[in-house]
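Reader: Before I plan anything at the bench, I would like a close look at a single part of this protein. Could you take one helix and go through its surroundings with care?

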Amino acid sequence: MYPSDRKLGEGGSVARAILEDKDICVRVATRDVTKPAAVALQDLGAEVVKCDLNSKEDVNGILKGAYGAFLVTTYWDDFNQEKEIKQGKTVADASKQLGLEHVVYSGLENVKKLTKGKLEVPHFDGKGEVEEYFWSIGVPMTSVRIAPYFENFLNLWKPVKASDGDYYNLMLPMKDIPMDGICIADIGPAVASIFRSPEEFLGKAVGLSAEALTIQQYADILSKTLGKVVKDSKVSLLRQMKGLKHREGEWSQSQQMERQQDAVERTGNLESWP
Ligand SMILES: NC(=O)c1ccc[n+]([C@@H]2O[C@H](COP(=O)([O-])OP(=O)(O)OC[C@H]3O[C@@H](n4cnc5c(N)ncnc54)[C@H](OP(=O)(O)O)[C@@H]3O)[C@@H](O)[C@H]2O)c1
C-alpha cells in the first residue's frame, strides 16, 4: 500500500511493473500531470501525458504508435454507467483504428446479462458491455476481472468502532461466504505477465485474486495486525445498505445505492441474496 498522496491505482501498479523492463517505453494517461502519483511515475521513467478518456482526440493521441494498452475505466467519479461505457468504447475504437496488438482491460462481469435482468450492478454491467464491445469489433484484448482491493479496508470497509464495547465491527454482509481480495500493488505484476504471454491470454477473461477469506478471517487478520479487537458484525445486506444510505457524503446521494437497493428489492429475498 502507498501513502495517500502517492495513491497507487491499478494503472499506477501496472505502469510500475512494466517500467521494470527497461526495454519497454511506458506512456501514462492522467488528467493532471502534476499530481504526486503522476510525478512519481515520471521519476521512474514513464512518459506522463495529459489525457481525458472523454476526449476521442486525447485517446487517439496517447495510443498512437503503441504496441498495447492497459485500460481502467471508472464508474465512481460521477456514478455514470453510460459515461464509463462510452470511455471504454472510445478506447476500443481507437485501438482498432490504430492496430494495437494487445489491450488489457480492467473489466468485470455483466451481471445484468448473466442474471437475465434480475440483478443490476452498474459498476460491473458497464464494464461487461465494454468487454463485449472490444471483442465484437476484433480488438486483441484480455479482460482482467479484478477482485475487490484489500485497500478498501482503509476507507469504504474501515472497521467501525462499536458502541457497546472496546472493539471494532467489520460491516460486510457476506455471511460465511468467502470474499476474494487483492492488493493493488499485486495487480501490476500479474498484468505485466499477461502482456508477456499474449498467445495464452488474448481473447480471454481472467480473474485476478490473491485469496478468498471469510469476513471472520479478515477480522482475525486485522485484529492481529492492528492489535485491536475486530469482529465480523454479521450485518445483513439490507441493514448495511440502509446504513450506507444514511451516511454523510457521497453515499447518501448515490444513485448507485438507489439502483442497487431497487435491484435487491426486486429479487424479493433480501437475506439470502449473497
Ligand atoms: N475498489 C475496488 O475494490 C475495485 C475492484 C475492482 C475494480 N475496480 C474498478 O477500478 C476502477 C478504478 O477504481 P479506483 O478505486 O482505482 O479509482 P481511482 O483510484 O479513483 O482511480 C481512477 C483512475 O481513473 C482515472 N480517470 C478517471 N476519470 C478519467 C478520465 N475522464 N480520463 C482519464 N483518466 C480518468 C484517474 O486518473 P487521473 O485522476 O489521474 O486523471 C484515476 O487514476 C473503477 O472502475 C472500479 O469499479 C475497483
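Author: What follows looks at helix H1 and then at the parts around it. The model is a predicted one, and everything said here should be read in that light. Helix H1 spans residues 10–19, and the helix is mostly covered, with nine of its 10 residues buried. Those buried positions are Glu-10, Gly-11, Gly-12, Ser-13, Val-14, Ala-15, Arg-16, Ala-17 and Ile-18. Their packing partners are E1, helix H2 (36–43), E3, E5 and helix H7 (184–196).

Two of these partners, E3 and E5, belong to an open sheet of four strands, ordered E3-E4-E5-E9 and paired in parallel. At its edges lie strand E3 (68–71) and strand E9 (205–208), each of which pairs on one side only. Neighbouring strands of this sheet are turned against each other by 20° on average, direction ignored. Strand E5, residues 141–146, pairs with E9 in the parallel sense over four bridges, and Val-144 stands opposite Val-206 in E9.

The helix also takes part in the surroundings of the ligand. The shell there consists of 23 residues, and the closest are Thr-30, Arg-31, Leu-53, Pro-148 and Tyr-149. The elements that give two or more residues to this shell are helix H1 and strand E1 (27–30), and E1 is also one of the elements against which the buried residues of H1 pack. By class, the shell holds nine nonpolar, nine polar and five charged residues.

Note on methods. Residues are numbered from 1 along each chain as its sequence is written. This is a predicted model: local features need pLDDT of at least 70, side-chain atom pairs count only at pLDDT 80 or more; totals for chains, interfaces and linings use all residues. A residue is near a molecule or strand if its C-beta atom, placed from the backbone, lies within 6 Å of it. Ala, Val, Leu, Ile, Met, Phe, Trp, Tyr, Cys and Pro count as nonpolar, Asp, Glu, Lys and Arg as charged, and the others, Gly among them, as polar. Two strands pair if DSSP finds at least two bridges between them. Axes are lines fitted to C-alpha atoms, for helices over the stretch in contact, and angles run from 0 to 180 degrees between N-to-C directions. A residue is buried if 20 or more other C-beta atoms lie within 10 Å of its own, exposed if 12 or fewer, and partly exposed in between; C-beta atoms are placed from the backbone. Two residues are in contact if their C-beta atoms, placed from the backbone, lie within 7 Å.
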